[in-house]
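Dear colleague,

I am handing over the structure below, and I would be grateful if you could keep it open while you read the notes that come after it.

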Amino acid sequence: MVLGLLRRLRPHGASGAASGLTVPLPDGAGAFGCETVDVLGQPLGAAEVTVTALDSHRVVAGGTTDPYGYFMAALPPGRYSVMVAAEGLTPVRETIDITAGVALAPVRVTLQPGRQLELPPPGTWLFDPPHTAIRFIAKHVGMAHVHGRFTRFEGGIRVAENMADSQVSVRIDASSLTTGNRTRDNHLRSADFLDVGNYPYIDFTSTRFAYRGGSRWTLHGTLTMHGTSRSVGLDTEYLGTVNGGYEQELRCAALAKAELHREDFTLNWRSMLARGIAVVGPTVQLELDVQAMYRTHDTPTPPQ
C-alpha cells in the first residue's frame with residue numbers, strides 16, 4: 001500500500017488528477033486512490049478507508065488518509081467496495097473496478113455532516129441501575145487484563161436548555177467492586193488499593209460538556225477517588241432517546257470512556273513479582289454504559 005503518493009499525481013494548483021505520471025505497481029496489480037474533503041473542500045486527514053472485495057466480502061485493504069486527505073492502495077484485479085468514514089460525518093461508499101497495470105485517477109470524496117441525534121429534552125434524568133453498567137479494565141502481572149465492574153451506584157443528568165451547560169453526577173459504592181475472584185476483590189478493596197473503609201465512595205461531578213461533532217462529546221469534570229480529586233475527560237457517545245423500558249418511560253443512553261492513571265489517585269502500591277513485573281498496571285480503563293430515565297413527578301422509580 002502506498003500512502004500520500006497521489007499528491008505527486010496532481011500539478012501544482014490543479015483541482016483534478018494529472019496525467020503523464022505513472023505509479024509503480026506490483027506485477028499483475030492495479031491501483032486506486034481517493035482524495036477526501038469536507039463540505040468546504042478542506043482535506044480530511046485521518047479519515048478511515050476500508051476496501052472490501054465484492055466476490056469474497058473480505059476486507060483486503062484499509063487505513064487512514066494522510067494529512068492532505070489522500071489514500072492509495074495497490075490491489076489485485078477485481079471489483080471492490082470502498083468505504084470512507086470520519087467522525088461526525090456521513091460515510092461514503094463507492095464501487096471500483098481494478099485492472100492489472102492500471103492506476104485509476106484519484107476520486108474526490110466529499111463527506112457530508114452526519115445526521116445528528118435529537119438531544120434529550122431539558123430536565124432531570126436518573127440512571128436506571130438494571131440497564132446501566134460501570135466497568136473497568138486493568139492490566140494484571142504485566143500481561144493479562146482483569147475486567148471488573150461496580151454493582152452499586154447512583155447518578156443523574158441535569159440537561160440544560162444549552163446542552164453545554166448540562167451537568168452529570170455519579171456516586172459509586174467502592175465496596176461493590178467485583179472481578180469474579182473473591183481474593184482479588186478483597187485485595188482491591190483493602191488499604192493497598194481503594195481502601196474502602198476510609199474512602200467508601202468514588203464520585204464524579206461534571207464541569208462542562210464540550211461538543212466534538214456528530215454524536216460525540218467530551219464530558220469534563222472532577223473524579224474523587226481514594227481521597228484525591230483530579231480533573232478528567234470522559235469521551236462520550238450519545239446513543240439517542242427512546243420511549244420504552246419499565247413503564248414505557250422516556251429514556252436516553254450514552255457510552256463514556258476514560259483512561260485513569262493509578263498514581264494520580266495515590267493508588268501506588270508497588271508489590272512486584274520476582275522478575276520485576278508490576279502486579280497491577282499503571283492505567284485503568286473506565287467505561288460507563290448508561291441508560292437514564294426522564295424524571296418528573298409521575299415518573300416511576302427504577303426497579304432495584
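What follows is a description of the aromatic rings in this structure. Please keep in mind throughout that the model is a predicted one.

How many aromatic pairs does a search of the whole structure find? The search finds five of them, and I will take you through two in some detail. In one, the rings of Phe-32 and Phe-71 lie 6.1 Å apart, centre to centre, with 50° between their planes, and the pair is tilted. Because Phe-32 belongs to strand E1 (residues 30-37) and Phe-71 to strand E4 (residues 70-75), this pair ties together parts that are 39 residues apart in sequence. Phe-32 has a relative accessibility of 4% and therefore counts as buried, since the cut-off for buried is under 20%; Phe-71, at 0%, counts as buried too.

Another pair is formed by Phe-136 and Phe-150, whose ring centres are 5.5 Å apart and whose planes stand at 50°, so that this pair is tilted. Here Phe-136 sits in strand E9 (residues 133-140) and Phe-150 in strand E10 (residues 144-150), and the pair links distant parts of the chain, 14 residues apart. Are these two residues, Phe-136 and Phe-150, buried or exposed? Both Phe-136 and Phe-150 are buried.

Two further findings concern other residues. Phe-209, Tyr-211 and Trp-217 come together in one aromatic cluster, and the charged end of Arg-171 sits over the ring of Tyr-201, at 4.2 Å from the centre of that ring.

With best wishes

Key. Residues are numbered from 1 along each chain as its sequence is written. This is a predicted model: local features need pLDDT of at least 70, side-chain atom pairs count only at pLDDT 80 or more; totals for chains, interfaces and linings use all residues. Side-chain values use heavy atoms; hydrogens and water are left out. Rings of Phe, Tyr and Trp (its six-membered ring) pair if their centres lie within 6.5 Å; planes under 30 degrees apart count as stacked, over 60 as edge-to-face and the rest as tilted. Helices (H or I, at least four residues) and strands (E, at least two) are DSSP runs, numbered from the N terminus. Buried means under 20% relative accessible area, exposed over 50%, partly exposed in between (1.4 Å probe, protein chains only). A charge sits over a ring if NZ of Lys or CZ of Arg is within 6 Å of the ring centre and within 35 degrees of the ring normal.
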